[in-house]
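Subject: Handing over a structure

Hello,

I am passing a structure on to you, and since it will be new to you, I have added some notes on what was found in it. Please have a look at it first and then read on.

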Amino acid sequence: MSPRRNHPRRDSPKPLTDEGVRKGIEGVQQWQDGEWMVRSIFGGAAAKTYRCPGCMQEIRPGVAHVVAWPIDGRGDETDRRHWHTGCWKARDRRSPGVERSRNAPRYG
């Protein structure tokens with residue numbers, strides 16, 4: 001006798017279309033500063049170099065990341081910013097990214 005199944009069978013997952021892979025997976029996230037539309041970009045779909053506003057480092061082609069823009073009336077899709085996934089998740093715990101030259105004083 002075979003063991004009893006305690007969980008329902010799931011249908012096979014929907015295959016992603018080329019458009020779905022290119023655009024990524026989208027959803028709304030709520031943060032302290034409002035609601036954001038967030039799209040996960042897969043590594044294979046990332047074709048350009050972007051600058052992450054969280055760490056001011058480059059996001060190279062082929063690196064998975066997220067794209068976020070405000071949806072609560074403060075902006076639209078032209079305000080999209082590409083973030084490293086970790087930078088996006090930690091953005092409420094970080095200070096704002098400030099670009100400084102190498103010889104600039106760190107504090108003050």
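**Overall layout**

From the N terminus on, the elements of the protein follow the order α-β-β-β-β-β-β-α. That makes 2 helices and 6 strands; both kinds are DSSP runs numbered from the N terminus, with at least four residues of H or I for a helix and at least two of E for a strand.

Before the details, a word on how to read them. This is a predicted model, so to speak of local features pLDDT has to be at least 70 and side-chain atom pairs count only at pLDDT 80 or more, while totals for chains, interfaces and linings use all residues. Residues are numbered from 1 along each chain as its sequence is written, and side-chain values use heavy atoms, with hydrogens and water left out.

The protein has 108 residues, and 24% of them count as buried. Here buried means under 20% relative accessible area, exposed means over 50%, and partly exposed is what lies in between (1.4 Å probe, protein chains only). The protein exposes about 8800 Å², and carbon and sulfur atoms supply 48% of that area. Accessible areas come from the Shrake-Rupley method with a 1.4 Å probe, and for residues only the protein chains shown count as cover. Among contacts with a separation of 6 or more, 44% are between residues 24 or more positions apart; a contact means heavy atoms within 4.5 Å.

**The sheet**

Which strands make up the open sheet of 4 strands, and in what order? The order is β1-β2-β5-β6, and the pairing is antiparallel; two strands pair if DSSP finds at least two bridges between them. At the edges are β1 (25-31) and β6 (81-83), each of which pairs on one side only. From one strand to the next, the twist averages 30 degrees. For that value, axes are lines fitted to C-alpha atoms (for helices over the stretch in contact), and angles run from 0 to 180 degrees between N-to-C directions.

If you start at β1, you will find 7 bridges joining it to strand β2 (residues 34-41), and these two run antiparallel. β1 and β2 form a hairpin with 2 residues between them. At the other edge, strand β5 (residues 65-70) pairs with β6 in the antiparallel sense over 3 bridges. Val67 has His82 in β6 as its bridge partner.

**Salt bridges**

How many salt bridges are there? The count comes to 3, where a salt bridge is a side-chain nitrogen of Lys or Arg within 4 Å of a carboxyl oxygen of Asp or Glu.

One of them sits in the hairpin just described. Glu26 has Arg39 in β2 as its bridge partner, and the side chains of Glu26 and Arg39 also meet in a salt bridge (2.4 Å, N to O). Glu26 lies in strand β1 and Arg39 in strand β2, so the pair ties together parts that are 13 residues apart in sequence. Glu26 is partly exposed at 44% relative accessibility, whereas Arg39 counts as buried at 12%.

Glu58 takes part in two more: its side chain meets that of Arg51 (3.9 Å, N to O) and that of Arg60 (3.1 Å, N to O). Salt bridges that share partners thus join Arg51, Glu58 and Arg60 into one network. Arg51 is partly exposed at 46% relative accessibility, and Glu58 is partly exposed at 35%.

**Two aspartates to look at**

Asp72 is found in the loop between β5 and β6. With a relative accessible area of 36%, Asp72 is partly exposed. Not counting residues up to four places away in sequence, Asp72 touches Asp33, Gly34 and Glu35. Asp72 and Trp36 are 36 residues apart in sequence and 7.5 Å apart in space, C-alpha to C-alpha.

And where is Asp92? Asp92 is in the segment after α2 (85-89), and is partly exposed with a relative accessible area of 41%. Leaving aside its neighbours within four places in sequence, Asp92 is in contact with Trp31 and Gln32. Between Asp92 and Asp33 there are 9.1 Å in space, C-alpha to C-alpha, although they are 59 residues apart in sequence.

Enjoy looking around,

Your colleague
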